[in-house]
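User: Please take a close look at one helix and the core around it. Then follow the chain of elements to the bound ligand.

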Amino acid sequence: MTALQPARGTRDLIGEDFRRHHKVAETARRISALYGFEEWATPIFEDTRVFSRGLGDTSDVVSKEMYTFTDRGGESVTLRPEATAGLCRALVSNGLTQSNLPRKVFYTGPMFRYERPQKGRYRQFHQIDIEVMGAAEPLSDAEVIACGWHILQELGVAGATVLEINTLGDTPSRDAYRAALIAYFSAHRDALSHDSRVRLEKNPLRILDSKDETDRAIVAGAPTIAAHLTPEAAEFYASVRRHLDRFGVPFRENPRIVRGLDYYSHTAFEFVTDQLGAQGTVMGGGRYNGLVEEMGGPPTPCVGWAAGVERLAMLLPEAPSAPRPVAVIPVGDAAEAPALDLLQALRRAGVTAEIAYRGNLKRRMERANRIGARAAVIIGDEEIAAGVAQLRDLDAGTQEKVPLAEVPGRLA
Ligand code: ATP
Ligand code: MG
């Protein structure tokens, strides 16, 4: 049989690749906890209706990219393409919509989209994600953005990104803007891509997000929402910007940002980079006030973001290093028992320690070097008799006798 390959658009995470991913997720977990976010885990697959909520769906994610299938019981299920909808579903299913709001949730895990694989774009990828569920105040918009910025800073990638923000207004603002967009794009209808002509009927805002070259040229001349904002929506947006200034988060306004999913209102934002080619958005999010209601819950205003772990992992300035182990090396049969005792004493003391399963002193030293050990602890008959071990610093090349009981303390 020919050797099997990973499925198209999926990747194995091994060694440095895994450590990069782990660093992104761990940093996001740690920093978001400082902002009061608690971690949730929801299922990887959901009832398809969690993601696809009727004919109004015009986003690429829902209309073209979902891994949807009928299971053996005849139910339509979907491998989640994003975390937000599942979290809102969980808020409702678990009866959490009335008490203790807002809920501040951190999430990380794999997501699935049927896309054309390329650098920074996969069919199974990973996201980190935070959501504030049940807060309508612009301070919550600014806080989630500040938390995202803090995570990017902690990862050492903030300098490689720019924060772009926009407002999609409230419903009256968006209705007025929608009419203006329909008028504008209808005048250019014949030049639009097929997809965008469909969007023109269903959700003209979507055209602003088109990746098609000709569409983009037309989008460049489209009206912006500014002239259509109600005073309340304009004040909301101004308030978000004031809070961002107070939090010390630099941003640039970009009236073209609408985001990839259909459910946003008021704030929309993206952290973009010019270092990943076409896959330039590393983190994106905004306010979505109708989603919990669409899941069958009460009106619950929410704001949050998701970031691509693969893209952030690629941006990390340096690869996180693996802990360097200590190699415990018994010489002769009698040394095995005290070597195993020492091995566990080291691990109990928090020291990464390894023992080769077989081999003479030479072989074991070779392996210690191969696994990048920082030290070797060698025990033979003489050492057992004296109650010591030879402690060899493999970087300095020095060696000394240390009483057995003191070895873990010396290496911790
Ligand atoms: P893009 O415009 O790159 O397709 P998107 O708008 O579809 O992104 P979101 O749905 O907002 O992305 O997801 C949030 C983040 O998840 C993106 O900014 C990106 O970093 C990451 N992401 C999205 N799709 C993929 C993918 N197929 N492979 C890797 N990362 C992805
Ligand atoms: Mg996409």
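Analyst: What follows starts at one helix, moves through its core and ends at the ligand.

This is a predicted model, in which local features need pLDDT of at least 70, side-chain atom pairs count only at pLDDT 80 or more, and totals for chains, interfaces and linings use all residues. Residues are numbered from 1 along each chain as its sequence is written, chains are lettered from A and ligands numbered from 1 in the order in which they are written, and side-chain values use heavy atoms, with hydrogens and water left out.

Start with helix H3 (84-93). Helices (H or I, at least four residues) and strands (E, at least two) are DSSP runs, numbered from the N terminus. H3 is mostly covered, with eight of its ten residues buried. Buried means under 20% relative accessible area, exposed over 50%, and partly exposed in between (1.4 Å probe, protein chains only). The buried set is Thr84, Ala85, Gly86, Leu87, Cys88, Arg89, Ala90 and Leu91. These residues pack against strand S2 (45-47), S5, S6, strand S10 (281-288) and H9. Just after the helix, Gly95 has a positive phi of about 65°.

Now the core. A nonpolar core is a set of buried Ala, Val, Leu, Ile, Met, Phe, Trp, Tyr and Cys residues joined through side-chain atoms within 4.5 Å. The largest one has 44 residues, and Trp40, Met133, Phe185, Leu208 and Tyr288 touch the most other members. Among the elements that supply at least two residues each are strand S5 (103-112), strand S6 (124-133) and helix H5 (171-187). H3 gives the most, five residues. Leaving aside neighbours within four places in sequence, Trp40 is in contact (heavy atoms within 4.5 Å) with residues including Leu87, Ala90 and Leu91, as well as Val105, Phe106 and Met133. A second, separate core of 41 residues includes Leu155, Ala158, Ile165 and Met283.

Finally, the ligand. Ligand 1 is surrounded by 16 residues, the closest being Arg113, Glu115, Arg121, Tyr122 and Arg259. An oxygen atom of ligand 1 lies 2.8 Å from an N or O atom in the side chain of Arg121. The corresponding distance is 3.1 Å for Lys211 and 3.0 Å for Arg311. The protein covers 94% of the 580 Å² of accessible area (Shrake-Rupley method, 1.4 Å probe) that ligand 1 has on its own. S6, S10 and strand S11 (302-308) each give two or more residues to the shell. S10 gives the most, three residues.

Methods:
A residue is near a molecule or strand if one of its heavy atoms lies within 4 Å of it. A polar contact is a pair of N or O atoms within 3.5 Å; within protein, one must be able to donate a hydrogen and the other to accept it, and residues adjacent in sequence count only if both atoms are side-chain atoms.
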